[in-house]
Amino acid sequence: MKVVYRTILAALLVWVLSSCAPSIAPFSQQAYQYATELKVETLSLMERAENSFADNLTHVEKLKMDLAKAYEFAKGRPRNEHSARQWEILIDPERNLIGGFLSRWESERQLSFPFIQQSQLLIADAFDTVIGLESGKVRFDD
Amino acid sequence: MSILADQVRENLPSMREVILTSGRDALRKSSQDIARWNAMLAAGSISSKEYKWLVNSRISVIEMDTLKAAGLALSRIDEFRASLVQSITGAALRVVGV
């Protein structure tokens, strides 16, 4: 009888534990790819900020569009609030990462080399947090 | 109960480590950055406006890093739950002799 009770208890515990939804979205190859490719694209465009913003408008618009797509992708995934919030901070023109960098470039027309270099280090770090979170998520094949 | 205790012993340190490592790294990087920017400001390589912008930028990165640590901790909890289900199922099947 004792064995039967224990088995029922264990089965109930397994049922309760396995019926809980995961706390956070699993790993997404697409999200990982967005972040790694956009990191390269962003740092490369920042190199041009010593030159006139107007001359780089097409590149800036393309990057903004690609960043917005990545943000929308993150925002649309269920239980993915942490990643979505990271993208939001990264692209916000009022904050001081790539969104703010592009705004500053536009308002100042061109930026100084030391400032670009220091901003690149920070924005690379910011992308690394997005990549680090995505790659640390549970993978379906684990 | 011993299964549960084993799982907690195995998984809890890794959750704690994720959060502590992230905090330690953020502090170390911030102090290195500030020292470098102080020197650049003194040398006139960057303006005071740029200095302020960079400090705010570092704060935003810290915020993003905190989100990463929180997300990774949740991910470890999911892994912990999955391994717990696996262990209990295995033990239950052994008890009933399947």
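## Packing of α3 and α4 in chain A

In this predicted model, helix α3 of chain A, residues 57-76, packs against helix α4 of chain A, residues 81-91, at an angle of about 155°. The axes of α3(A) and α4(A) lie 8 Å apart. Because angles over 145 degrees count as roughly antiparallel, α3(A) is roughly antiparallel to α4(A). The crossing of α3(A) past α4(A) is left-handed.

On the α3(A) side, the contact is made by Leu67(A), Ala70(A), Tyr71(A), Ala74(A) and Lys75(A). The α4(A) side consists of Ser83(A), Ala84(A), Trp87(A), Glu88(A) and Ile91(A). By class, the residues of this contact divide into seven nonpolar, one polar and two charged. An α-helix has 3.6 residues a turn, so residues three or four places apart point the same way.

## Chain A as a whole

Chain A contains six helices and zero strands, and its pattern along the sequence reads α-α-α-α-α-α. Of the 142 residues in chain A, 29% are buried. Among the contacts in chain A with a separation of 6 or more, 72% are accounted for by residues 24 or more positions apart.

Helix α5 of chain A covers residues 98-108, and its buried residues are Ile98(A), Gly100(A), Phe101(A), Leu102(A) and Trp105(A). The elements that cover these buried residues of α5(A) include α2 (29-46), α3, α4 and α6 of chain A. Just after α5(A), Arg109(A) adopts a positive phi of about 75°.

## Chain B and its second helix

Chain B has two helices and zero strands. Buried residues constitute 22% of the 98 residues of chain B. For contacts in chain B with a separation of 6 or more, residues 24 or more positions apart account for 81%.

Helix α2(B) comprises 48 residues and spans 70 Å from its first C-alpha to its last. This span is close to the 70 Å expected at 1.5 Å a residue. Just after α2(B), a positive phi of about 75° is found at Gly97(B).

## Two adjacent residues of α1 in chain B

Arg36(B) and Trp37(B) illustrate two environments. Arg36(B) lies in helix α1 of chain B, and Trp37(B) is likewise placed in helix α1 of chain B. Is each of them buried or partly exposed? Arg36(B) is partly exposed because 13 other C-beta atoms lie within 10 Å. Trp37(B) is buried because 20 other C-beta atoms lie within 10 Å, and 20 or more is the criterion for burial.

The C-alpha atoms of Arg36(B) and Ile19(B), 17 residues apart in sequence, are 26 Å apart in space. For Trp37(B) and Lys52(B), 15 residues apart along the chain, the C-alpha separation is 9.7 Å. With neighbours within four places in sequence left aside, Trp37(B) is in contact with Gln118(A), Ile46(B), Tyr51(B) and Leu54(B). The contacts of Trp37(B) thus include a residue of chain A, Gln118(A).

## The interface between the chains

How many residues does each chain bring to the contact? Chain B contributes 34 residues and chain A contributes 34 residues. On the side of chain B that touches chain A, α1 (2-43) and α2 (48-95) of chain B each supply at least two residues. The most is given by α2(B), with 29 residues. By class, this side of chain B has 19 nonpolar, seven polar and eight charged residues.

## Packing of α6(A) against α2(B)

Two packed helices are described by the angle between their axes and the distance between the axes. Helix α6 of chain A, residues 113-135, packs with α2(B) at an angle of about 10°, and the axes are 8 Å apart. Because angles under 35 degrees count as roughly parallel, α6(A) and α2(B) are roughly parallel to each other.

From α6(A), the contact is formed by Phe115(A), Gln118(A), Ser119(A), Leu122(A), Asp125(A), Ala126(A), Thr129(A), Gly132(A) and Leu133(A). From α2(B), the participants are Glu50(B), Leu54(B), Ser57(B), Arg58(B), Ser60(B), Val61(B), Met64(B), Asp65(B), Lys68(B), Gly71(B) and Leu72(B). The contact of α6(A) with α2(B) has eight nonpolar, seven polar and five charged residues. Gln118(A) and Leu54(B), which belong to this contact, are also in contact with Trp37(B).

Key:
Residues are numbered from 1 along each chain as its sequence is written. Chains are lettered from A and ligands numbered from 1 in the order in which they are written. This is a predicted model: local features need pLDDT of at least 70, side-chain atom pairs count only at pLDDT 80 or more; totals for chains, interfaces and linings use all residues. Helices (H or I, at least four residues) and strands (E, at least two) are DSSP runs, numbered from the N terminus. A residue is buried if 20 or more other C-beta atoms lie within 10 Å of its own, exposed if 12 or fewer, and partly exposed in between; C-beta atoms are placed from the backbone. Two residues are in contact if their C-beta atoms, placed from the backbone, lie within 7 Å. Ala, Val, Leu, Ile, Met, Phe, Trp, Tyr, Cys and Pro count as nonpolar, Asp, Glu, Lys and Arg as charged, and the others, Gly among them, as polar. Axes are lines fitted to C-alpha atoms, for helices over the stretch in contact, and angles run from 0 to 180 degrees between N-to-C directions. Angles under 35 degrees count as roughly parallel, over 145 as roughly antiparallel, 65 to 115 as roughly perpendicular and the rest as oblique. A crossing is left-handed if the near helix is turned anticlockwise from the far one by less than a right angle, and right-handed if clockwise. The expected span of a helix is 1.5 Å times one less than its number of residues.
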